[in-house]
Amino acid sequence: MSIQKATALSNSNIAFIKYWGNRDAIFRVPLNDSVSMNLDHAFTTTTVAFDAQLTDDQIVVGGKDANETTRQRVVAQLDRVRALAKIETKARVASQNNFPMGAGIASSASAFAALSLAATRAAGLELSERELSILARHAAGSASRSIPGGFVEWIAGSDSANSFAVSIAPPEHWDLRDVVAIVSAEEKKVGSFEGHAAAQTSPFLSTRQSGLPARFHLVRRAILSKDLGLLGPAIEEDAIELHMMAMTSRPPIFYWTPEMVRVIQAAHHWRAEGIAVYFTLDAGPNVHLICESKDADQVAARAGAIPAVQRVIVNAPGGAAHLIDQHLF
Ligand code: DP6
């Protein structure tokens, strides 16, 4: 095999119904169905080249050699691709985010979706969307939802073969916006992987799980009927529940910060003034403010004026993971 190169771009996504806890942690088969929207202004571009001259995989993230944890995760995904393609060739990987890593914009979602698409194509494979979603899921659960476009549901399934994400509606279906209020760009101290394992220790796990099917159907219906008044309260409840699960794990995990609460309270205040805006959160300190496009400028200006907010990024619904021609090396 000579040098085979491919570059893919994948958007990150924000979950409206969160994935938190696994039925099978090794294969990342989740406890519950989740729903998300891809983010068009938060994406990862990844180039993969399999090169017979290499004696080891070379992994560069954001222009620097990857740290050991990231390296192991990337090499594990390359190994899955090599097994599928029946090759042993080592690869050169370069990956670039257009947003800060580890700050509540899920970089692992877009990173592993882009890696999965670029690596399979560079290895000469043409996987279906479902097969790619399953492959991406092995590296990061939320990456399964960054393979299809627009508004996406990940049906938990019962085992690895039937746990994958599909699009509910394309990006142009609904002019929704996610105004991300960045209050900290620091790496989070407890990663999602530990969080998923810790979910099993929260006394509220069964309460959350029993309420989720009804919320899932409501969120799905709200997206299909473009009803923000229906969607908003459900996504706020789910975000609060994610953090309640984290805080009541043993030992507890606090992603919750005073700055985050300030933005949430401001959003509630703006809503009382008549702006239809609702918040959601990830396993990090930043607040995602969900509104329709007609209100996005106002929400972004107000969020940007909060002293704790360092920066805002406005996202429209993003498309599916896809190949691009511009290689990173
Ligand atoms: C809070 O997909 O980052 O963002 O599978 O361990 O990589 P790993 O976890 P990850 O978990 C995402 C958790 C979340 C909620 C969500 O995106 O659904």
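In the predicted model, strand β4 (residues 34–50) and strand β7 run antiparallel and are joined by seven bridges. Within this pairing, threonine 44 has asparagine 97 of β7 as its bridge partner. Strand β7 also pairs with strand β5 (residues 58–61), here in the parallel sense and over four bridges. Glutamine 58 is matched in this case with arginine 92 of β7 as its bridge partner. Strand β7 thus takes part in an antiparallel pairing with β4 and in a parallel pairing with β5.

The solvent accessibility of β7 was examined next. Of the seven residues in this strand (residues 91–97), five are buried, so β7 is largely enclosed by the rest of the structure. In a regular strand, side chains alternate between the two faces of the sheet.

Aromatic contacts were considered separately. Three aromatic pairs are present in the structure. One of them is formed by tryptophan 20 and tyrosine 255 in an edge-to-face arrangement, with 6.4 Å centre to centre and 80° between the planes. This pair links distant parts of the chain, its members being 235 residues apart. Tryptophan 20 lies in the loop between β1 (4–17) and β2 (22–24), whereas tyrosine 255 lies in the loop between α6 (228–247) and α7 (258–272).

Both members of this pair were also assessed for burial, for which the cut-off is under 20% relative accessible area. Tryptophan 20 has a relative accessibility of 3% and therefore counts as buried. Tyrosine 255, at 8% relative accessibility, likewise counts as buried.

How values were computed
Residues numbered from 1 in each chain as written. Predicted model: local features only at pLDDT ≥ 70, side-chain atom pairs only at ≥ 80, totals over all residues. Heavy atoms only, no water. Buried < 20%, exposed > 50% of the residue type's maximum accessible area, 1.4 Å probe, protein only. Helix = DSSP H or I, 4+ residues; strand = E, 2+ residues; numbered from the N terminus. Pairing = 2+ DSSP bridges. Phe/Tyr/Trp six-rings, centres within 6.5 Å; stacked < 30°, edge-to-face > 60°.
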